[in-house]
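Student: I would like to go through this structure and check the labels put on its parts. For each one, I want to see the value and the cut-off behind the label.

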Amino acid sequence: MADITRRFGWRHLRSAPTAHIRHHKRGNLAHDGRGLSFWYRSLSAALSEVPVDDRELAMAFHARTADFQDVTVQATVTYRVSDPALAADRLDFSVDPDTGSWRGAPLEQIATLLTETAQQHTLDVLARTPLAEALVDGVASVRERVATGLAAEPRLPATGIDVVAVRVVAIRPEAEVERALRTPAREQIQQEADRATYERRAVAVERERAIAENELASQIELARREEQLVDQRGTNARREAEEKAAADGVRTEAEAARKVRLARAEAEAARETGAARAEAQAAWLRVHGEVAPATLHALAATRLAENVPRIESLTLSPDVLTGLLAKLGRPEGRAEGGAEGRAVGRREGRAGA
């Protein structure tokens with residue numbers, strides 16, 4: 001839309017580079033071109049603004065295939081106005097001199113012309129194409145047919161319009177038909193997924209079985225090793241018991257031999273001691289047999305005195321003292337006492353030897 005400014009009954013128009021302006025004044029063409037800027041009076045001016053840039057026209061329409069299935073076609077047509085003067089003559093591109101807005105709807109007219117032409121050629125193609133084929137190869141065939149039909153349409157060059165490009169975005173069936181068409185593929189995909197799941201589970205089961213077999217083999221090997229260990233422990237225990245028994249036997253034999261030797265030594269010592277004692281006793285008896293009775297009495301009294309308890313005091317009667325003094329006063333008593341003393345000395349010497 002052109003930019004129009006008001007100044008004291010005059011109007012100033014400034015257009016964009018992509019807009020072609022045609023200015024008629026009193027029936028004569030005063031200005032004609034792109035990106036113009038000029039002053040004019042609104043009461044005597046007739047203005048037309050024709051866009052010359054590329055325009056995108058999105059269209060969507062319904063069609064029916066050869067097997068009577070409704071589909072929706074989505075397409076886009078790119079066009080431009082190649083001859084602004086011709087387009088301004090054939091279509092109403094006039095603008096209000098005061099506001100710069102179009103008085104009519106020229107772009108809607110162009111869109112209607114392009115949409116109806118494209119739809120006509122699309123219906124012609126899809127009417128002879130089954131649904132399955134249309135969904136697979138219909139986009140390319142429809143695009144080619146629409147492009148060819150628009151290029152051959154005589155009304156477009158007569159209006160000064162050139163078609164730059166044609167694109168068919170999609171051909172889609174109805175929702176129920178689309179779901180029905182998707183079902184076999186979904187079932188196949190689900191079957192593939194189930195088969196993959198079963199294969200994965202089979203692999204998992206096989207691996208679990210292999211793991212279980214390995215564990216069982218490990219347990220069997222462990223049990224066999226434990227059995228060997230028990231056998232070895234029994235062998236070691238038997239060997240240890242045998243060695244201990246042998247050692248105990250050797251120790252017992254050594255102890256018995258030592259005790260025998262000790263007993264023999266003690267018996268030998270006892271025999272020698274007994275013999276010595278017997279010899280000493282015999283000698284003692286021989287000595288006592290040779291000694292006078294009085295000496296023996298004296299020795300007996302001496303031994304008795306050595307073994308009786310300690311006597312703190314002793315009372316002697318006159319009779320005992322008189323008889324003792326009478327015996328001590330005898331010469332025989334002195335001689336016997338001397339001989340007895342010598343005999344006792346010899347016996348004590350032998351006993352000491």
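Student: Why is E213 called partly exposed?
Tutor: This is a predicted model, and in it E213 has a relative accessibility of 44%. Partly exposed covers the range between under 20% and over 50%, so E213 belongs there. R209, with a relative accessible area of 39%, is partly exposed by the rule that partly exposed lies between the buried and exposed limits.

Student: What makes R209 and E213 a salt bridge?
Tutor: Their side chains meet at 2.3 Å, N to O. The limit is 4 Å between a side-chain nitrogen of Lys or Arg and a carboxyl oxygen of Asp or Glu, so the pair qualifies.

Student: How are R209 and E213 placed in helix α5?
Tutor: Helix α5 spans residues 175-290, and R209 and E213 are 4 residues apart in it, so about one helical turn separates them.

Student: Which residues are joined into one network by salt bridges that share partners?
Tutor: D124, R128 and R145 are joined in this way. The search of the whole structure finds 19 salt bridges.

Student: How do you know that D54 and R80 form a salt bridge?
Tutor: The closest N and O atoms of D54 and R80 are 2.8 Å apart. That is within 4 Å, so the pair meets the definition.

Student: What does the pair of D54 and R80 tie together?
Tutor: D54 lies in the loop between β6 (45-51) and β7 (55-64), while R80 is in strand β8 (residues 70-81), so the salt bridge ties together parts 26 residues apart in sequence. D54 is partly exposed at 41% relative accessibility, and R80 is partly exposed at 32%.

Student: What about D70 and R64?
Tutor: Their side chains meet at 3.0 Å, N to O, within the 4 Å limit, so this is a salt bridge. D70 has 28% relative accessibility and R64 has 46%. Each counts as partly exposed.

Student: Why is V136 called exposed?
Tutor: V136 has 65% relative accessibility, and exposed means over 50%, so the label holds. V136 lies in helix α3 (residues 131-152).

Student: Which residues make the nonpolar surface patch of about 260 Å²?
Tutor: L135, V136 and L181 make this patch. V136 passes the patch rule of over 30% relative accessible area, because its value is 65%.

Student: What makes a group of residues a nonpolar core, and which residues have the most contacts inside the largest one?
Tutor: Core members are buried nonpolar residues joined through side-chain atoms within 4.5 Å. The largest core has 34 residues, and I110, L114 and L126 have the most contacts inside it. β7, β8, α1 (84-90), α2 (106-126), α3 and β10 (161-173) each supply at least two residues of this core. α2 gives the most, with 8 residues.

Student: Which residues does I110 touch?
Tutor: Leaving aside residues up to four places away in sequence, I110 touches Y79, V81, L91, F93 and I161. There is also a second, separate core of 10 residues, with I4, L36, F38 and Y40 among them.

Student: Why are β4 and β9 said to stand at the edges?
Tutor: The open sheet has 4 strands in the order β4-β3-β6-β9, with antiparallel pairing. β4 (28-34) and β9 (94-95) each have a single partner strand, so one side of each is left without a neighbour in the sheet.

Student: How do you know that β3 and β6 pair?
Tutor: 7 bridges join strand β3 (residues 19-25) to β6, and pairing needs at least two, so they pair. The two strands run antiparallel. The bridge partner of H24 in β6 is A46.

Student: What makes R26 worth noting?
Tutor: Phi of R26 is near 55°, a positive value in a residue other than glycine. Most residues other than glycine have a negative phi. R26 is in the loop between β3 and β4, and at 68% relative accessibility it is over the 50% limit, so R26 counts as exposed.

Student: Where is F68, and is F68 buried or exposed?
Tutor: F68 is found in the loop between β7 and β8. Its relative accessibility is 65%, over the 50% limit, so F68 counts as exposed. Phi of F68 is near 60°, also a positive value in a residue other than glycine.

Definitions and conventions:
Residues numbered from 1 in each chain as written. Predicted model: local features only at pLDDT ≥ 70, side-chain atom pairs only at ≥ 80, totals over all residues. Heavy atoms only, no water. Buried < 20%, exposed > 50% of the residue type's maximum accessible area, 1.4 Å probe, protein only. Patch = residues over 30% accessible without salt bridge, like charges linked within 9 Å, V, L, I, M, F, W, Y side chains within 5 Å. Areas by Shrake-Rupley, 256 points an atom, 1.4 Å probe, with all protein chains shown as cover. Contact = heavy atoms within 4.5 Å.
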